[in-house]
Amino acid sequence: YLTNKGKHRHFMEKEIYEQPEAIGHVLAHYVGLIENNADPIPSFDFASIPSLAISACGTAYLAGLIGKYWFERYARLPVEIDVASEFRYREIPLSPQSAALFISQSGETADTLASLRYCKKLGLKIGAIVNAAESSIAREADAVFPILAGPEIGVASTKAFTCQLAVLAVLAISAARHRGTVTENEVQALVRSLAEMPRIMGQVLNSIQPKVELLARELSKYHDVLYLGRGTSFPLAMEGALKLKEISYIHAEGYAAGELKHGPIALIDKNMPVIVIAPFDRIFNKTVSNMEEVAARGGRVILVTDEKGATASKLDTMHTIVLPAVDEIIAPMIFSLPIQLLAYHTAVFMGTDVDQPRNLAKSVTVE
Ligand code: G6P
């Protein structure tokens, strides 16, 4: 990886565009292990643990939340997850037979490290998903899973997020295989889907920029934005809102689409665009009905979907971003790209300091 910005205006932009390469690296490392039927988790016995705990902060926490959906669905492994600042003080009664995963780009986040120590004291096996292999969190773990994203300079995390997701997907597939909850054919199909990511990411990054820039110009005129999604698109909705508020300073919230009628629907009007993240998956139709509820109240919908979803949805949206139709396991990584670029270009239009947003730090080493 270049250590300067190269042809890019900001490190964040450079890091967004590095994702096909970074994901390629991480897959070359981990998928080879799965294909050779080697255990990528030497000190983890996923087959016998009763549950898994996950803790992290910020964007890393949202990656963990997507990981929870995968561990539960594919490996039938119950996951306890919380932000580290809560996890460390909740006195969670965890079984010493369980394992815990801590996700951190820097490997130095104070709350995440404290959560790790809490679990270690209880006797759980500790895994660290980190970018900085020489870090406190890596040192104190029993097993380290590097995300191999290369240096990430922009304060808003982008390539570290998708690489964290790739590692979590591999671990969930590996856990599923060891627990006998998926067939060998299913494992191979999931691995084949993962292997397609670098190519599809490249294709998406080469094609969506003009559309995203147009949309960003409009978004920069608003003061509030709501992001909605279901399933793994729910954490992604929160990540979209987090990215936008961090770097453009536009107030944004991410919500589970099904919770719309339990609160945010009261805010819907023409002044708050609603960004709906909806790959064509098992719950697509449910998300579409939430979108219709927004439109019926005069809300402006920006739909981020795939080719199948764009054909299936008849709704008149303010904008639709159409991605290639991809397998469900890789949708969160592919759908991260427009979400990151939208925040990036909106911030560029607003003229903020994209790589060093006010009041934020790349690594939070104090409580
Ligand atoms: C800060 C950074 C975020 C990051 C979070 C957790 O808030 O600005 O980008 O997601 O810390 O950091 P970590 O290094 O533990 O992933």
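A residue counts as buried if 20 or more other C-beta atoms lie within 10 Å of its own, as exposed if 12 or fewer do, and as partly exposed in between. Keep that in your pocket, since we'll use it all the way through. One more thing before we set off: what you're looking at is a predicted model.

Let's start with helix α5, residues 110-122. Which of its residues are buried? Asp111, Thr112, Leu113, Ser115, Leu116, Tyr118 and Cys119 are. The cover over these buried residues of α5 includes β1 (52-56), α4 (84-87), β3 (99-104), β4 (125-130) and α6 (136-140). You can also check the length of this helix. α5 has 13 residues and reaches 19 Å from its first C-alpha to its last, close to the 18 Å expected at 1.5 Å a residue. Just after α5 comes Gly123, with a positive phi of about 95°.

Next, find the ligand. How many residues surround it? There are 16, and the closest are Gly58, Ser104, Gln105, Ser106 and Thr109. Sorted by class, this shell holds six nonpolar, nine polar and one charged residues. Helix α3 (residues 58-75) gives the largest share of the shell, three residues.

Since α3 has come up, stay with it for a moment. Is it mostly covered or mostly open? Mostly covered, with 15 of its 18 residues buried. The ruler test works here too: at 1.5 Å a residue, the 18 residues of α3 should span 26 Å, and its end C-alpha atoms are 25 Å apart, so the two agree. Just past the end of α3, Arg76 takes a positive phi of about 50°.

Now jump along the chain to helix α12, residues 284-296. Its 13 residues should span 18 Å at 1.5 Å a residue, and because its end C-alpha atoms are 18 Å apart, expectation and model agree. The buried residues in α12 are Thr287, Val288, Asn290, Met291 and Val294. Where do they sit around the helix? They cover an arc of only 160° around the axis, so they are on the same side of α12. Here's a handy bit of background: an α-helix has 3.6 residues a turn, so residues three or four places apart point the same way. On the other side of α12, Asn285, Ser289 and Ala296 are exposed. The buried side has cover that includes β6 (224-229), β8 (274-278) and β9 (301-306). Just after α12, Gly298 takes a positive phi of about 80°.

That cover leads us to strand β6. Five of its six residues are buried, so "mostly covered" fits β6 as well. Alongside β6 runs its partner, strand β7 (residues 251-256): the two pair in the parallel sense over six bridges.

To see β6 up close, pick one residue, Leu226, which lies in this strand. Why does Leu226 count as buried? Because it has 23 other C-beta atoms within 10 Å, and the cut-off is 20 or more. Its bridge partner in β7 is Glu253. Leu226 and Gly254 are 28 residues apart in sequence, yet their C-alpha atoms are 6.0 Å apart in space. Leaving out residues up to four places away in sequence, Leu226 touches Glu253, Tyr255, Pro264, Met272 and Val274.

Try the same exercise with Ala216, which lies in helix α10 (residues 209-219). It counts as buried because it has 22 C-beta neighbours inside 10 Å. Again leaving out residues up to four places away in sequence, Ala216 touches Leu342, His345, Thr346 and Phe349. Ala216 and Gly240 are 24 residues apart in sequence and 13 Å apart in space, C-alpha to C-alpha.

Finally, take a look at two residues whose backbone may catch your eye. Leu148 is not a glycine, but it has a positive phi of about 55°. You'll find Leu148 in the loop between β5 (143-146) and α7 (159-179). Leu148 is partly exposed because 19 other C-beta atoms lie within 10 Å. The other one is Asn359, also not a glycine, with a positive phi of about 70°. Asn359 is in the segment after α14 (331-350). Is Asn359 buried or exposed? With 6 other C-beta atoms within 10 Å, it is exposed.

Definitions and conventions. Residues are numbered from 1 along each chain as its sequence is written. This is a predicted model: local features need pLDDT of at least 70, side-chain atom pairs count only at pLDDT 80 or more; totals for chains, interfaces and linings use all residues. A residue is near a molecule or strand if its C-beta atom, placed from the backbone, lies within 6 Å of it. Helices (H or I, at least four residues) and strands (E, at least two) are DSSP runs, numbered from the N terminus. Ala, Val, Leu, Ile, Met, Phe, Trp, Tyr, Cys and Pro count as nonpolar, Asp, Glu, Lys and Arg as charged, and the others, Gly among them, as polar. The expected span of a helix is 1.5 Å times one less than its number of residues. The arc is that of the directions from the helix axis to the C-beta atoms. Two residues are in contact if their C-beta atoms, placed from the backbone, lie within 7 Å. Two strands pair if DSSP finds at least two bridges between them.
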